[in-house]
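Work through the following exercises with the structure open. Each task is followed by a solution in steps.

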Amino acid sequence: MVEVHTDVVCTFCGCLCDDIEIHVEDGKIVKAVNSCAISRAKFLGHEGNGHRKVKVSGSEVSVDDAIKKAAEILVNAENPVIYGLASTSNEAIRKSMELAEMVGAKIDNTSSVCHAPTLLAMQFVGDPKCTLGHVRNCADVLIFWGCNPTQAHPRHFDRYSANASGYFVPKGKDDKKVVFIDVRETRSTKKADLFIKVEPDRDVELAGALKALLKGKKLSKDTVAGVKVVDLEKLVEICKKARFVVTFFGLGLTQSRGKYLNIQAAIGLAREFNKHTKFHIIPMRGHYNVTGANAVMTWISGFGYGVDYSRGYPRYSPGEFSAVDALSDYADAALIIASDPVSNFPKKAVKRMAEMPLVLMDPHPNCTSLVSDVYIPVLTVGIETEGTAYRMDGVPLYARKVVDGPAGVLSDEEVLDRIMEEVKKLQG
Amino acid sequence: MMYEVSFKLKKEAPRLEIDTLTPDCLCLCSAGEIQNVKIWRGKKEVPVSEHFEVSGEPGPTPEETMVVIENSKPFVHYAGMFMSGGILKIKGSCGNYVGSRMTGGVIEVEGDVGDMAANEMKAGKLVVKGNAGNYLGSAWWGGTTGMTGGQVVVEGNVGGMCGQWMEGGSMRIKGNVGDFLGVKLVRGVIIVEGDVGYACGAMMTYGRIIVLGNCEVLPTYEPDGTYDELNMFDEVIKGPFQLYKGDISEEGKGDLYVKK
Amino acid sequence: MAGNMIIKNGIVYDPLNGVKGEKKDIMIKDGVVVNDVPSDAKEVDATGKLVVPGGVEMHSHIAGPKLNAGRAILPNDFRDNYVVRTNAVRALVGHAVPTNYTNGVKYTELGFTTVFEPAMAPLDARHTFEELEDTPNVDKASFPVFGNNWFVFHCVQNNDIEMLKAFVMWMMTETKGYAVKIVNPCGVYMWAHHHSNVSGVDDVIPEYEISPRQVLRGLCQANEELGLPHTIHVHANMLGRVGNIGVTLDTLKVVEDMKPHPSREQVMHLTHLQFNCFAEDENHRICSGGKQLAEYVNSHSEISVDLGQVILDVPTCTMTGDGPAEFFIHKALGPKAKWINGDVELECGGGIVPVTYKSNNPFNAIQWAIGLEAALTITDPWRVIISTDHPNGGPAWYYPRVFAWLMSKKYRDDTLNSIHSMAADKSDLAGIDREYTWEELMINTRAAPAKLLGLKEKGHLGVGAHGDVAIYPLKPEELDPTAHPEEIEKNFWAETVIKDGKFLVKNGTTIDTERGRTYLIKKYHKEAEHERMLIDLKEHFDKWYTVTFKNYSVQDVFAPRPEVIPTNPVS
C-alpha cells in the first residue's frame, strides 16, 4: 500500500521547495517526485545508517540519562556554547534560546560562518528585497554574484529565476538577461548571457566602480578588478533600462576579502539603482532554516547570531561571541544542535571541542558525535516530525511529517524541554 | 593629587571582563571595598581579588584616580569602557573593546589590544605601544557613527576596518595597517607611517587619510594635485604627497594623501 | 486561573457602562467580571486610585517580518536598553523595536491587556503568528492587508462583489486575520511592479484599469456585507507627502455613501492620521491639516480615526506596508539613512527606515503638532483613538506623555514653546484650550477601541467582561492633571494589572507572565460563491505564486488559544 503525500516541503536548502511528492510504503519513503538530486538523497536516505542510539561517553544509555548529563554539562560550565540551529525548526530554535538564557550560554547559528557578513552589511545600510515569487513574476535582469546555483540550489533557476516564467516575463528565459559575476567559470556561468570575470578579492572595487558610473562619474582607470570599464558601463546600461533587476549573491561575496563590506558595497549599489528602476538584492541562504534561525534569534534577543547570555540579558559581539571564536578560545562546554562543526571548524576549535564536555543533538551520528560526550538522536524535521522553516526570502512554511521516526526518538523541542526541566532542578 | 589603585593578575581564566575596573567605577569605592568589586568570568560574577592582587586606594573623582592593571593578558577584556577621566595603565596586553565609548581620560597600553579598541570614542586619549586588532576607533555594528573625538596613537600595527564610520578626532599609527582603513570615514584625520592594505578609504565621504608608506589606491579615487609637505596638528609632515579625492561612488570629498 | 477577587474603593471609569469616576468595587470570579463574590474573595485595596479596564491597543506593530527586519538593522536599540532576567521574567531588551517578550511585558506594565498587530503580509502570516505567540500576556489579533492584492484587483476589475466577499472571507480564515487592512491602495502595487506610486484616489493602474476608489469601495462593501467585527482599516494614499490632506479627505469621501453593517455607524477607520494630514502653505511647505481633518470627522459619523502621534527626540523606526512612502522617506533623510524594502508576490509590499523626529527640525515639529491638534478638535471621543502607530511615530512607552499633553494645555504649550517655532506658526495648536478629561482618555484607550473592534468582553467592566483591570497610582479625585501633568507622565504606568483574574503586575513590577488569546473570525461562506472563487484563486496559485495552495493556509498550531468572533453577514 503506497501512501502519496503531495505538497511536501523539502528541508534541505534555502529554496524550501514545497511541491515535492513523497511515496511511502510500509513506513519507508520509496519515491520522491519533483525533488532535485540533493533532496531525493535526503528523503530516500532519511533513515541513515540506522545507528541512532543515545550515547553517553560511548555507551548506550536511556534518553533520560543523556538529558540529565546534558543539563549538568551546561549548568556546570562557565562558558557554555549552544550552536547549530539552522537545520532544525523554529519551534526548536525558540526553545534553544530559552535554554541559553537559563544557563547563561553563548548561542550562535551556522550563519556566523556563512551569511553573517550579509547580516552585518544590512545592519549598516538596510536591504531592498522581495519574495522569490516576485522575482519570478517581474525580473527581466538577473545578476548572480559569487554564487553557483546549479550546484548549491539546483531548482532555483527553474522555480524562481533564470528559467522561470511569470506574469511580466511570460516567455521565461527569453524575456530575461542573466548576468554572472564570478572569479571563474562554473556550471552555472554557462547559463549566462553576460559573464563578468572579476579578479579574486576585488568585488568591493567592482561595486564601487559600478556605483560611480551609475552616478555619472568618469573613472580614471580603464580596468577595474580585471574588468574593462566599457563592459561595466554596458552592465550599468542594461540595468538602468531593465524594468526589474534582482541580484542574488553567495559566499563568493560573503567569504572573500572584504566580507561584509562587499555586501555593503553591493547594497549601496542596489540603493542607487533604485533611483532609476526596481533593483533588489537577495542572499542565497544555504541551510533550509538558517533564515529562520536568524529570525527567531532576532525576535527573542534582538540579534540574529553571535549572542551571549552570560550576564542574564542578550549581548551581541560577532567575532567574540560567535561559535568559532568562543570554541577556539575560551568555551568550556558546548551543545551542538542539528550541525556538525567538528567536520568543518578550524583546527583549534575542533581540538578544544574534542577535549571539552560536548553534547550533540542531530538526527544522525556525524563527525561531531565521534568526539561528543553525549549524543542524542532526534527526529528529522520535515520527514519524521513537523516544524516551521523560513525560505531564503523569509517566506514561512510549515513542514509536515511523512513517516514515523524510530521508536523512542524524540524531536528537538521535546529534548530541549526536558533539558530545561533538569536545568531548573539543578539550579534550584 | 593622583591616587593609584593597582590590580596584578595572579590567576588566569579563559575569559575575564573588567569593565568595572575604571577610574569612574572605582572612585565610588573605599580602599577596603575595592577587593570585592565584581568582574565577570564567563557567566559568573566574581570578586576581583579572586584573580588580581589588589592594592592602593582610589581618589574621590575619576580625574584623581589612576588604575594600573599589571601582568595583563589578551583574555582580559573591556578595559576602560565608558571612561570619563583619570588614567588607566595596562602593563601587558589586553582584549577587546578597550576604551570603548570613552569620554575622557587617558588609557596607555604597553602591549597589544584586541578588536574594537576606542569604539565610538568621544574624547580622551588611547595610546597602544604594541599592536591593535580590527575595528580600531570604529562604529559598533549597525551604528553609523564611529569615533567622534579624542586621540588614538598606536606604535605597532593595526588590523582591518580601522576608523570605520569615524566622524571626528584623530589617529596616528606608526606601523602598518590592514585592509579597509577609513572605510565609510565621515570626518577626522588618520595618519599612517607604515603601509596600508587593500581598499584604503573605501566608501569614504569626507575626512582625511595620510599614508607615508605604500598604498594601492582604489579606482574610485581621482588624482588631484601634489603637495611637498602637509601641516597637521602643528606638525610638518614632509612629503611629497599625491592627493587623491574620493570615494566617488559616495560624495567623493575625502582626501587621501599618499607619499610618493 | 486565579481565584475570586474584589478590587475595593477605586475610582472607576467604565465609560461603556456609564461609570464616570465613581468610587466602586470591581468583582472578578473565574476570570470574569461579576457582581457578587464569596466573602473569602481576595481583597485588593485600590483606595482612591484610578481603576479602569485593561487598555485595548488597536494599532501597534508588534509582530512579523517588518518588525523583525527593523530589529535586525537596529542592534543599537538593544545594546543599551535592557533589563536583566529574573526568575519570574525573562530578559527585557529593546526600546523602539523591542523583542516580542518585551513588547508583551511592557504593554502589560502600561496597563494594556489587548494589543492588535495592524498589518500582516498574508504570505508571511505564519511569521506574524510565531511572534505573537512569543508575545506574552496580551490578547491579540492581526490584520491581513488587501489593498494591493492581485486577486482583490481581479474581483474589483470584474465588478464581482460576491467573489470579493468570498475571497475576503477565505483570506481571513486561512491566514487567521481579524480585520481588513488597506495600505496605500494601488500605490504599493505600482511601486512593487512599476517603480511608481499613485497620487490620488482616481488614478488608474495598468494591468487592471482600476483605481484606489474602486478598491476602497469594493472592500468596504464586502466588509460591511460580511459583517466583520471591525470596519476597513485604512492607511491612505500619499502618506508623508506635503499637501496630502486633500487626498486624505478624498479617501474619506470615497465611502461617504457606503452602507454600514446594521450593528454600527462607521464604515471606515483612518489610521495614523498625523502622517496623512500634511497641508500646504503658500510656499508649498508643510503646515498642519489636523484641524481640517478633525472638522470632517466631526461631521461624518461614519469615520473613526487614530492619531499616529509623533514623539520628539527619541530614536524610533518607521515601518509600514507603504513601500513607495518608505523609499521616499529614506531619500529625504540623506545617504546615512538605512532602508529596507520588501515586496511580497501578488500581495503587498513594505519598507523600514529608522528615524528620530527632532524638536529643532521644523518639519518634525509641525508633525508633532498635527496629531494633538486633530485629537483636541475632534469632539466625539468614541471615534478618535490615541496611538503613536508604534513605532512609526514613536514607541508606545511614551503614551503617558501623550496623555499628559492631551490633559494639560500648559504641558503641551511648554513643549510647543521649546521646539521649533514652525510648530506654533503652522498649526492651530497654540490656540486650543481644551483638555481631555479622565473619562475621555479612558474612552480613547479602552472603551472606544474595544467597541470599534467589535470586542464585546473588552474595554469595560460590566458583568461578563473579561477580568482585565489596570490600577494606576493616580488619584483622580486629588490630582489636577492641568497643574501636574508631570504626575500623569510619570504615573500612567500600572501599579497592578489583572488579566482574566490573574495578577500579572503588582507594585509596578511584573510578577508573572502567561499567554493570551488570539482573536479569529468565524468561518462563513456561501458554498457556491466560495467554490467559484476558488477556481479563479487556484489559477493564481498555479500560475504565479511560489507556494502551493495547500501550503498557504496558516495551520491551527499557530493560534493555540483561539477566540472565535462570529460574523453577521447581511443577506
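**Exercise 1.** Determine whether B:F180 is buried or exposed, and state where B:F180 is found.

Solution. Step 1: take the relative accessible area with a 1.4 Å probe on protein chains only, where under 20% is buried, over 50% exposed and anything in between partly exposed. Step 2: B:F180 has a value of 1%, so this residue is buried. Step 3: B:F180 sits in the loop between β12 (167-173) and β13 (187-192) of chain B; strands here are DSSP runs of E with at least two residues, helices are runs of H or I with at least four, and both are numbered from the N terminus. Step 4: although not a glycine, B:F180 has a positive phi of about 60 degrees. Most residues other than glycine have a negative phi, and most peptide bonds are trans.

The model is predicted: local features need pLDDT of at least 70, side-chain atom pairs count only at pLDDT 80 or more, and totals for chains, interfaces and linings use all residues. Residues are numbered from 1 along each chain as its sequence is written, chains are lettered from A and ligands numbered from 1 in the order in which they are written, and side-chain values use heavy atoms, with hydrogens and water left out.

**Exercise 2.** Describe the backbone at B:M203 and at the cis peptide bonds of B:P240 and C:P391.

Solution. Step 1: B:M203 is not a glycine, yet its phi is positive, about 55 degrees. Step 2: B:M203 lies in the loop between β13 and β14 (208-211) of chain B and counts as buried at 6% relative accessibility. Step 3: B:G239 and B:P240 are joined by a cis peptide bond with omega about 5 degrees, and B:P240 belongs to strand β16 (residues 235-246) of chain B. Step 4: the bond from C:H390 to C:P391 is also cis, with omega near -5 degrees; C:P391 is placed in the loop between β20 (384-385) and α13 (399-407) of chain C.

**Exercise 3.** Count the disulfides over all chains.

Solution. Step 1: a disulfide is a pair of cysteine sulfur atoms within 2.5 Å. Step 2: the count over all chains is zero. Step 3: for B:C29, the nearest cysteine sulfur is that of B:C25, 8.0 Å away. Step 4: for B:C162, the nearest is that of B:C200, at 9.5 Å. B:C162 is buried, with a relative accessible area of 0%.

**Exercise 4.** Assess how compact chain B is.

Solution. Step 1: chain B has one helix and 17 strands. Step 2: its radius of gyration (over C-alpha atoms) is 19 Å, close to the 18 Å that the globule rule (2.2 Å times the number of residues to the power 0.38) gives for 260 residues, so chain B is as compact as a globular protein of that length. Step 3: along the principal axes, the C-alpha atoms fill a box of roughly 60 × 35 × 25 Å. Step 4: 64% of the 260 residues count as buried.
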